[in-house]
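Trainee: I would like to learn how to read a structure step by step, from the overall fold down to single residues. Could we work through one together?

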Amino acid sequence: MERYEVTLIELDTQYEFSVQVEVDEAEASENITILARVGKDKIESTNYAYLPAYQEFRDKLLVVGYGIKCNGSRLNAVQSGMMGATDKVYLVEMGRQALMKDIVHIWDYADIDVFPDTQQQNDFFEQWNKR
């Protein structure tokens, strides 16, 4: 079980605060399970691959009014199939191939103020893939 201290932002008020996220990185089962308690809400997601588990977790936070200030929340965060079991993503740019130097940790802090959902990330990925 891994624990990460992350920054959430309440989207209505822009109030930022820290939350501890617990991640079972396929230790208890074959899945990645992500869990956090935000006030009275228990936010949890599970998926076989890491980025989809993160995306589900992030989308659930968005539904209850919070953005998560992590690299995984960036519009341009993508994961190759071979990275599926890891907590790493590429931060890609349109018109440019992903390079090793573009790999970052999903949970590292990102100073962002736009919080796309999974569909927006997937749309960006499709556009980037067409380059």
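Mentor: We begin with a term that we shall need for the loops: helices (H or I, at least four residues) and strands (E, at least two) are DSSP runs, numbered from the N terminus. With that in hand, Gln14 can be placed in the loop between β1 and β2. Please keep in mind throughout that this is a predicted model.

Trainee: How many helices and strands does the protein chain have, and which pattern does the chain follow along the sequence?

Mentor: The protein chain has two helices and eight strands, and read along the sequence these elements follow the pattern β-β-β-β-α-β-β-β-β-α. The radius of gyration is 14 Å, close to the 14 Å that the globule rule gives for 131 residues, so the chain is as compact as a globular protein of that length. Along the principal axes, the C-alpha atoms fill a box of roughly 45 × 35 × 25 Å.

Trainee: What share of the residues is buried, and which residues touch the most other members of the largest nonpolar core?

Mentor: The general idea is that in soluble globular proteins, nonpolar side chains tend to be buried together. Here, buried residues make up 45% of the 131 residues. The largest nonpolar core has 25 residues, of which Ile34, Phe57, Ile68 and Trp107 touch the most other members. Among the elements that give two or more residues to this core are β1 (2–10), β2 (16–25), β3 (32–38) and α1 (50–63), and the largest share, six residues, comes from α1. A second, separate core of seven residues includes Val78, Tyr90, Val92 and Phe124.

Trainee: Which residues is Ile34 in contact with, leaving aside its neighbours within four places in sequence?

Mentor: The partners of Ile34 include Val21, Val23, Ile43, Ala53, Phe57 and Trp107. For the protein chain as a whole, residues 24 or more positions apart account for 46% of the contacts with a separation of 6 or more.

Trainee: Let us return to Gln14; what is its phi, and how should I read such a value?

Mentor: Most residues other than glycine have a negative phi, and most peptide bonds are trans. Gln14, however, has a positive phi of about 70° although it is not a glycine, and this residue is partly exposed, with a relative accessible area of 47%.

Trainee: Is Asp87 buried or exposed, and where is it found?

Mentor: For this reading you need one cut-off, namely that buried means under 20% relative accessible area and exposed over 50%. Asp87 has a relative accessible area of 14% and is therefore buried, although its place is in the loop between β6 (77–78) and β7. Leaving aside neighbours within four places in sequence, Asp87 is in contact with Tyr4, Glu25, Tyr50, Val104, His105 and Ile106. Its C-alpha atom is separated by 9.9 Å from that of Ile32, and the two residues are 55 residues apart along the chain.

Trainee: Which loops hold Ala28 and Val114, and are these residues buried or exposed?

Mentor: Ala28 is found in the loop between β2 and β3 and, with a relative accessible area of 68%, is exposed. Val114 lies in the loop between β8 (103–105) and α2 (118–129), and at 58% relative accessibility this residue also counts as exposed. In space, Val114 and Ile68 are 9.9 Å apart, C-alpha to C-alpha, with their positions 46 residues apart in sequence.

Key: Residues numbered from 1 in each chain as written. Predicted model: local features only at pLDDT ≥ 70, side-chain atom pairs only at ≥ 80, totals over all residues. Heavy atoms only, no water. Rg over C-alpha atoms; globule rule 2.2 N^0.38 Å. Buried < 20%, exposed > 50% of the residue type's maximum accessible area, 1.4 Å probe, protein only. Contact = heavy atoms within 4.5 Å. Core = buried A, V, L, I, M, F, W, Y, C linked by side-chain atoms within 4.5 Å.
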